[in-house]
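Reader: I'm new to this one. Could you walk me through how the helices pack and what the core is made of?

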Amino acid sequence: MAMATTTLSATAKIPFKTTRGDCSIHFLSPPPRMCTVTRCLNRTSSFALRSASKQHSQPLPLVVSATSAAVEADPQVTIAASSKSLPFRVGHGFDLHRLEPGYPLIIGGINIPHERGCEAHSDGDVLLHCVVDAILGALGLPDIGQIFPDSDPKWKGAASSVFIREAVRLMHEAGYELGNLDATLILQRPKLSPHKEVIRSNLCELLGADPSVVNLKAKTHEKVDSLGENRSIAAHTVVLLMRK
């Protein structure tokens, strides 16, 4: 076996094979100093090396593209791999609305008695909004504000059940179903304990999901900031989508 040592210039492109697949490295900018690549050649394999030099005033990231090789690199490295169908997807949603007098408080499609409600373009249902965003996020789609913009008058005062049904339709269209959902509501008042089960039941119906895979929690904000002062309400949701 022969040993060979080659010094690479700033814009060298090196095709090579690994035991995990074909991979190529492209230097897009001059490295901080010259680098040396040592290679082993045997009689049954060949290695092609092409180099060129070019000066850049600003450093650019190193781009590594691979078909199947696993590459670990620093944050300046971008790895592009062939896309594939995923067996499951995870999404997170968050929403927050101001609470103002004179508005209904709608949570999970249920009207909750309270002296304040959500000021919003639609019905301001903070739970359904963040559930929609979680599903859209898991599917890699734009957020609820892009699909149902508040600049469109047709969504003025719209029931958020319209949004969640569309998110569920997109989920099934993509070939997924709900694995499980975990949601947390954050508000100081009113207490949601008397309403949690009816909210969860309605959410399950909208999602077409078994109650065993839908969880709902409620927390106060310990009288801290707008949430703790009963001036706003927020919600977080995490969903797991499973391929059918």
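Reader: What makes helix H3 oblique to helix H4?

Author: In this predicted model, H3 (residues 161-173) and H4 (residues 196-207) pack at an angle of about 45°, with their axes 9 Å apart. Angles under 35 degrees count as roughly parallel and 65 to 115 as roughly perpendicular. About 45° fits neither range, so H3 is oblique to H4.

Reader: Which residues make that contact?

Author: H3 brings Ser161, Ile164, Arg165 and Val168, while H4 brings Leu203, Leu206 and Leu207. By class, that gives 5 nonpolar, 1 polar and 1 charged.

Reader: And why is H1 called oblique to H4?

Author: The axes of H1 (residues 126-138) and H4 cross at roughly 40° and come within 12 Å. Roughly parallel would need an angle under 35 degrees, so H1 counts as oblique to H4. The crossing of H1 and H4 is right-handed.

Reader: What classes of residue does the contact of H1 with H4 have?

Author: Leu127, Leu128, Val131 and Ile135 of H1 meet Ile199, Leu203, Leu206 and Leu207 of H4. That's 8 nonpolar, with no polar and no charged residues.

Reader: Which residues of the largest nonpolar core touch the most other members?

Author: Out of 46 residues, they are Ile107, Leu127, Leu181, Leu185, Leu203 and Leu207. Elements giving two or more residues to this core include H1, H3, H4 and strand S11 (176-186). H1 supplies the largest share, 10 residues.

Reader: What does Leu185 touch?

Author: Leaving out residues up to four places away in sequence, its contacts include Ile107, Leu127, Leu192, Leu216 and Ala234.

Notes
Residues are numbered from 1 along each chain as its sequence is written. This is a predicted model: local features need pLDDT of at least 70, side-chain atom pairs count only at pLDDT 80 or more; totals for chains, interfaces and linings use all residues. Side-chain values use heavy atoms; hydrogens and water are left out. Axes are lines fitted to C-alpha atoms, for helices over the stretch in contact, and angles run from 0 to 180 degrees between N-to-C directions. Helices (H or I, at least four residues) and strands (E, at least two) are DSSP runs, numbered from the N terminus. Angles under 35 degrees count as roughly parallel, over 145 as roughly antiparallel, 65 to 115 as roughly perpendicular and the rest as oblique. Contact means heavy atoms within 4.5 Å. Ala, Val, Leu, Ile, Met, Phe, Trp, Tyr, Cys and Pro count as nonpolar, Asp, Glu, Lys and Arg as charged, and the others, Gly among them, as polar. A crossing is left-handed if the near helix is turned anticlockwise from the far one by less than a right angle, and right-handed if clockwise. A nonpolar core is a set of buried Ala, Val, Leu, Ile, Met, Phe, Trp, Tyr and Cys residues joined through side-chain atoms within 4.5 Å. Buried means under 20% relative accessible area, exposed over 50%, partly exposed in between (1.4 Å probe, protein chains only).
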